[in-house]
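Colleague: I have a model open and would like to learn how to read its features. Where should we start?

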Amino acid sequence: MEWANAIVQGIVTGGFYALFACGLSLMFGVMGIINLAHGDLAIIAAYVAIALVPSTHLPMVWAFVVVVPIFALGGYLLQRTLLQTSLDRSPFTTLLVTFGLSVIIENVLLEVFSANGQSITIGTLITKSFSVNTTITISYLSVIVLAVAIVVLGGIQLFLSRTPTGRQIRAVADDREAAQLVGANYRHVFGIAAAIAFATVALAGLSYGMLTEFVPTSGVTTLLFAFESVVIGGIGNVWGTLVGGVILGVAQQIGAQINPAYQILAGNLVFLAVLAVRPRGLFGVRTA
Amino acid sequence: MTTQERAPTPRTAASGTLHVRRAGASGTLVGAAGLVVLVVFAFMPVIVSEADTTLLVNFFVLLTMAVMWNLLAGYAGMVSIGQQAFVGLGGYGVLVLAMNGFDPVAAIPVAAVVAALIAVPVSVLLFRLGGGYFAIATWVVADTAQIVVSSITSLGGGTGHPVPGLSSMSPHTFAETTYWAALAVVSVSLGIAYGLLRSPLGLLMAAVRDDEVSARSAGARVMTTRRIVYVVAALGCGAAGAILAVSQLQVQPSSIFSVQWAAEMIFVSMIGGMGTLEGPILGTVLFFVLQQNLAQDGAWYLIIFGAVAVLVAIWTPRGLWGAIRQRTGIELFPVGYRLHGGARGLVTQAQLLDGGSAAGSNGPGSRAGAVWRRLRS
């Protein structure tokens, strides 16, 4: 029964990984940018929440109302300035620039907030859970995060397929020159895609801060999990990422069941096994 | 080695006959100068204090890593942020050998070779991913290596283990031995990089970096080229890690597998200039100057260095040395080629590699064609 519990916990964790990964996939799919600072940006969101909210005496839920729009705006601005400039050089440059950002963010957070673990407290919700039977207990929070992940993934897919802006984004992603010929300003479109990606980054970071304790270096760990989910599920497949996240989450929980020290190792091994056997991922539509 | 090595003439659209020649000073001259520098550095422990030799050991370690990362990214176009995997494996290689009775200093080259051997199967997995996904996957590999090593209790688990067999040396002998070992590692690394870049493989690497598709279409074995570079880089980083294990007298997973090594080797190469041999040297010098001046302020030296690296990547992608070379035409290491003759006269290496636009030819075929013809000659 402990194994069943491990699987259930893995599934709800997988939702969180997928939420984390969707911004990464979106930026790669549209701009061809692999944002190596993805995880660190999410951790900034969590730190902003714990720095802002206690001073304003508002309930923690307000963190979402404030931080998510700030991140969307920040994403648009960062894309129009630093990221676009480096993208104009080459995709190679964007890798180096975002890696530089990642190291800078991590070390600034260490200097400002120290390496002590922090967490976002949201009153009683964090401790409440429901029992399926005697061994399986699921916290409400992790179910909410899973639900948010599904809503966000579905929402992005609907947005991309049904709205005029979404169609522009897909057009620019498919063929930038052709889209420009018919009037799309690709820089602005890239900015919008980055804004959406950064909003999901903020959501993921805030969820992370509520689910578990975080330190300045947590960003890197979560980036790796998000990336593993994307590759396991198949690059370019949104729902594949959700399945990839679930597989990763389950693998980690089963690993932890064998020995707590093997939690991350088990996930990494599943990732490497998928890479060895099925390099395009389980539901891959195209290669990187 | 002759002063001017002639390569077959590439055909161009706009101008008449062009000659591709080896750029920069003559190979003999550089060899002699390098030997003089090596002899001067070899006598350093006699001249400077022990604290300074320790600093120089760290300098050599970082320079070795930077030279290797520059081969990977600057020449073979692979951005790895997981080279600390091989730094750690090299360090732990020394530990394992020393625990089994080997002399730790003699174990350094063996540990480096072990790291390189491990890189072969790892490259098979990693090369299935391209560009940015390759980059993150190298990080996953480093993460995995650290976890696996940390879980081996006989090696001290997460807290690490002291390297046995070093306590018999006097502090003075120990300082000298580590210094010479580090000097040997950095000299061999620079020598390998220099030799590699002057070989036909070096030309292939530049072709693959500049335009993989046309290099492939000209018959370049892209995968093999990349794999050789990846394994050489693992060898160098493994040797650097082996030196670290000896000089620090112990290995600890979280420090020897730290992503900080990746950050430092990357920033140093970016600022100094990727795709040049001089760049990592210049970058490492600047890094140590900054670190020595800001060491008391925590991690700020790394933050400042990272910020400078980002700015350099955007404004002058070929780094400070690239900018210097463009202004002055100075090349310390003759590894590149120059185009002579034709309408424009002298053409810089950068222009030759950036598409040969100054010579009037552009797009696929021109550069890769030159590579192909040179290799067949």
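**Salt bridges and the interface**

Modeller: Start with charge pairs; this is a predicted model. A search of the whole structure finds one salt bridge over all chains.

Colleague: Which side chains meet in that salt bridge?

Modeller: The general idea is that side chains of opposite charge can pair when their charged atoms come close. Here the side chains are those of A:Arg187 and A:Asp88, at 3.5 Å from N to O. The pair links distant parts of the chain, with the two residues 99 apart. A:Arg187 sits in helix H8 (residues 186–211) of chain A, and A:Asp88 in helix H3 of chain A.

Colleague: How many salt bridges does the rule find across the interface of chain B and chain A?

Modeller: Zero. For polar contacts, the rule finds eight residue pairs across that interface, both partners at pLDDT 80 or more.

Colleague: How many residues of each chain are in contact?

Modeller: On chain B, 43 residues are in contact with 42 residues of chain A. Together the chains bury about 3,700 Å², and 83% of that is on carbon and sulfur atoms. On the chain B side, B:Tyr133, B:Trp139 and B:Ile314 lose the most area to chain A, together 20% of what that side buries.

Colleague: Which helices of chain B each supply at least two residues of the side that touches chain A?

Modeller: They are H3 (50–75), H6 (131–150), H12 (259–272) and H14 (300–315) of chain B. The largest share, 13 residues, comes from H6(B). By class, the side of chain B that touches chain A has 31 nonpolar, nine polar and three charged residues.

Colleague: Which residues form the nonpolar patch on the surface?

Modeller: A:Leu52, A:Trp62, A:Val65, A:Val66 and A:Ile70 form the patch, with about 430 Å² of accessible area together. Its largest share, four residues, comes from helix H3 (residues 62–89) of chain A. A:Val66 lies in that helix. Helix H3 of chain A also holds A:Asp88 of the salt bridge.

Technical notes
Residues numbered from 1 in each chain as written. Chains lettered and ligands numbered in written order. Predicted model: local features only at pLDDT ≥ 70, side-chain atom pairs only at ≥ 80, totals over all residues. Heavy atoms only, no water. Contact = heavy atoms within 4.5 Å. Buried area = accessible area lost by both parts, 1.4 Å probe. Salt bridge = Lys/Arg side-chain N within 4 Å of Asp/Glu carboxyl O. Polar contact = N/O pair within 3.5 Å; in protein donor to acceptor, adjacent residues only side chain to side chain. Nonpolar A, V, L, I, M, F, W, Y, C, P; charged D, E, K, R; others polar. Patch = residues over 30% accessible without salt bridge, like charges linked within 9 Å, V, L, I, M, F, W, Y side chains within 5 Å. Areas by Shrake-Rupley, 256 points an atom, 1.4 Å probe, with all protein chains shown as cover.
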